[in-house]
Amino acid sequence: MAQELLKGKKGIIFGALNDMSIAWKVAEQAVAQGAEIVLTNAPIAMRMGSINDLASQCNNAPVIPADATSEEDLQNLIEGAMEHFGGKIDFILHSIGMSPNVRKGKHYTDVNYNFYSTTLDVSAISLHKTLAVAKKLDAINEWGSVVALTYIAAQRIFPDYGDMADAKSLLESITRSFGYHYGTEKKVRINTISQSPTITTAGSGVKGFDEFIAYSESMSPLGNADALACADYCITMFSDLTRYVTMQNLFHDGGFSNTGVSMEVISKFSLEA
Ligand SMILES: NC(=O)c1ccc[n+]([C@@H]2O[C@H](COP(=O)([O-])OP(=O)(O)OC[C@H]3O[C@@H](n4cnc5c(N)ncnc54)[C@H](O)[C@@H]3O)[C@@H](O)[C@H]2O)c1
């Protein structure tokens with residue numbers, strides 16, 4: 001699908017850990033559509049994952065480590081990317097999520113509050129910090145586009161999602177608030193994409209994930225959207241075809257969010273033998 005939707009555009013992609021990561025697919029699709037990219041992830045993820053393989057597949061894209069909770073790292077990343085590109089950036093993907101409470105099986109009603117702060121800092125405030133650093137450096141071109149990935153647990157309770165639900169609510173709120181200010185001053189747009197459950201390292205950390213994926217599949221008229229389809233949606237959001245879309249939470253979930261119940265689920269409760 002060589003449509004060159006991102007021809008001439010330059011972007012930073014956070015969060016490609018391994019080839020299951022949604023960010024991995026976004027990086028591949030962005031380059032296939034003509035973009036130049038810089039890859040980044042937390043320094044610790046550099047050792048755990050395989051980001052250098054992705055970099056070589058993506059025309060030897062530079063990899064600049066950054067802990068997204070560190071303003072200093074973010075400044076170094078954004079300055080490094082601008083130096084590499086020889087100018088400003090057109091798009092950013094924020095594909096970052098991590099909850100120590102969920103990882104350690106802490107119940108939502110009995111969280112460790114230091115962990116809770118980390119969940120919010122890593123999974124939501126990191127978007128604010130990225131945008132604030134980018135704005136101070138005037139790093140994003142007019143009509144540039146920032147996308148962060150979220151989940152419907154921001155709006156509805158999914159018990160095993162724990163404090164990540166609160167992080168996603170905050171992420172979506174930052175998107176609206178920063179979207180107003182960055183839009184007014186610099187015509188930069190900011191949106192979240194609310195993705196179906198997807199088998200990745202972060203996704204599989206949620207308890208009962210396999211059963212949940214099956215439930216979600218049976219509640220989505222089109223079925224669960226996979227990582228590649230999510231990447232395609234991100235590409236449209238980075239392209240000029242969506243120039244007036246900002247401050248939105250965009251569901252990319254096969255219709256799950258607007259389905260009250262499906263006949264497939266109802267049939268499981270049938271009293272007839
Ligand atoms: N997988 C799903 O079911 C699903 C559904 C909806 C939304 N999402 C969201 O999609 C995004 C990407 O997750 P994924 O499913 O591809 O999993 P993933 O585990 O591949 O990606 C999560 C990334 O966050 C990075 N990260 C963690 N702490 C960081 C830090 N301090 N600084 C910089 N990066 C850090 C990790 O290194 C990793 O690359 C997350 O925001 C996640 O919540 C995932």
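In this predicted model, helix α1 and helix α10 make a right-handed crossing. The α10 helix covers residues 227-238, and its axis comes within 8 Å of the α1 axis, with a crossing angle of roughly 55°. An angle of that size falls between the cut-offs of 35 and 65 degrees, so α1 is oblique to α10. On the α1 side, the contact uses Ile22, Lys25, Val26, Gln29 and Ala30. On the α10 side you'll find Ala227, Leu228, Cys230, Ala231, Asp232, Cys234, Ile235 and Phe238. Sorted by class, the contact of α1 with α10 has ten nonpolar residues, one polar residue and two charged ones.

Stay with Phe238 for a moment, since this residue of α10 is part of that contact. Is Phe238 buried or exposed? There are 26 other C-beta atoms within 10 Å of Phe238, so the residue counts as buried. Leaving aside residues up to four places away in sequence, Phe238 touches Leu6, Lys9, Gly11, Ala30, Phe91, Ser145 and Val147. One of these, Ala30, also belongs to the α1 side of the helix contact. For a sense of the chain's path, take Phe238 and Gly15: they sit 223 residues apart in sequence, while their C-alpha atoms are 17 Å apart in space.

Helix α1 also leads us to the ligand. The elements that each give two or more residues to the shell around the ligand are α1 (22-32), β4 (140-150) and α8 (201-204). Of these, α8 gives the most, with three residues. The shell has 27 residues, and the ones that come nearest to the ligand are Ser21, Gly97, Thr200, Ala202 and Gly203. What classes of residue make up the shell around the ligand? It has 14 nonpolar, twelve polar and one charged.

From Gly97, one of the residues that come nearest to the ligand, step back along the chain to Ile96, in the loop between β3 (89-94) and α5 (100-103). Ile96 has 25 other C-beta atoms within 10 Å, which means that it is buried. Beyond its sequence neighbours up to four places away, Ile96 touches Phe14, Gly15, Ala68, Val122, Ser123 and Ser126. Ile96 and Ile78 are 18 residues apart along the chain, with 17 Å between their C-alpha atoms.

Now for α6, which takes part in two helix pairs here. Start with its pairing with α7: α6 spans residues 113-136, α7 spans residues 164-186, and their axes come within 7 Å and cross at roughly 15°. Angles under 35 degrees count as roughly parallel, so α6 and α7 are roughly parallel to each other. Their crossing is right-handed. From α6, the residues that meet α7 are Thr119, Leu120, Ser123, Ala124, Leu127, His128, Leu131 and Lys135. Their counterparts in α7 are Met164, Asp166, Ala167, Leu170, Leu171, Ile174, Phe178 and Tyr182. By class, that contact comes to eleven nonpolar, three polar and two charged residues. Ser123, listed here on the α6 side, is also among the residues that Ile96 touches.

The other pairing joins α6 to α4, the helix of residues 71-85; these axes come within 9 Å and cross at roughly 50°. That angle is why α4 and α6 count as oblique to each other. This crossing is right-handed. The contact brings Glu71, Leu74, Gln75 and Ile78 of α4 together with Lys129, Thr130, Val133 and Ala134 of α6. Its residues split into four nonpolar, two polar and two charged.

Leading up to α7 is the loop that connects it with β4, and Ala154 sits in this loop. Ala154 has 22 C-beta neighbours inside 10 Å and so counts as buried. Not counting residues up to four places away in sequence, Ala154 touches Ala165, Lys168, Ser169 and Glu172. Asp166, which is part of the contact of α7 with α6, is twelve residues from Ala154 in sequence and 6.5 Å away, C-alpha to C-alpha.

Finally, have a look at the loop between α3 (51-57) and α4, where Asn59 is placed. Asn60 is in that loop too. Asn59 has a positive phi of about 55° although it is not a glycine. Asn60, also not a glycine, has a positive phi of about 55° as well. Are these residues buried or exposed? Asn59 has 10 other C-beta atoms within 10 Å and is therefore exposed. Asn60, with 9 other C-beta atoms within 10 Å, is exposed too.

Terms used. Residues are numbered from 1 along each chain as its sequence is written. This is a predicted model: local features need pLDDT of at least 70, side-chain atom pairs count only at pLDDT 80 or more; totals for chains, interfaces and linings use all residues. Axes are lines fitted to C-alpha atoms, for helices over the stretch in contact, and angles run from 0 to 180 degrees between N-to-C directions. Helices (H or I, at least four residues) and strands (E, at least two) are DSSP runs, numbered from the N terminus. Angles under 35 degrees count as roughly parallel, over 145 as roughly antiparallel, 65 to 115 as roughly perpendicular and the rest as oblique. A crossing is left-handed if the near helix is turned anticlockwise from the far one by less than a right angle, and right-handed if clockwise. Two residues are in contact if their C-beta atoms, placed from the backbone, lie within 7 Å. Ala, Val, Leu, Ile, Met, Phe, Trp, Tyr, Cys and Pro count as nonpolar, Asp, Glu, Lys and Arg as charged, and the others, Gly among them, as polar. A residue is near a molecule or strand if its C-beta atom, placed from the backbone, lies within 6 Å of it. A residue is buried if 20 or more other C-beta atoms lie within 10 Å of its own, exposed if 12 or fewer, and partly exposed in between; C-beta atoms are placed from the backbone.
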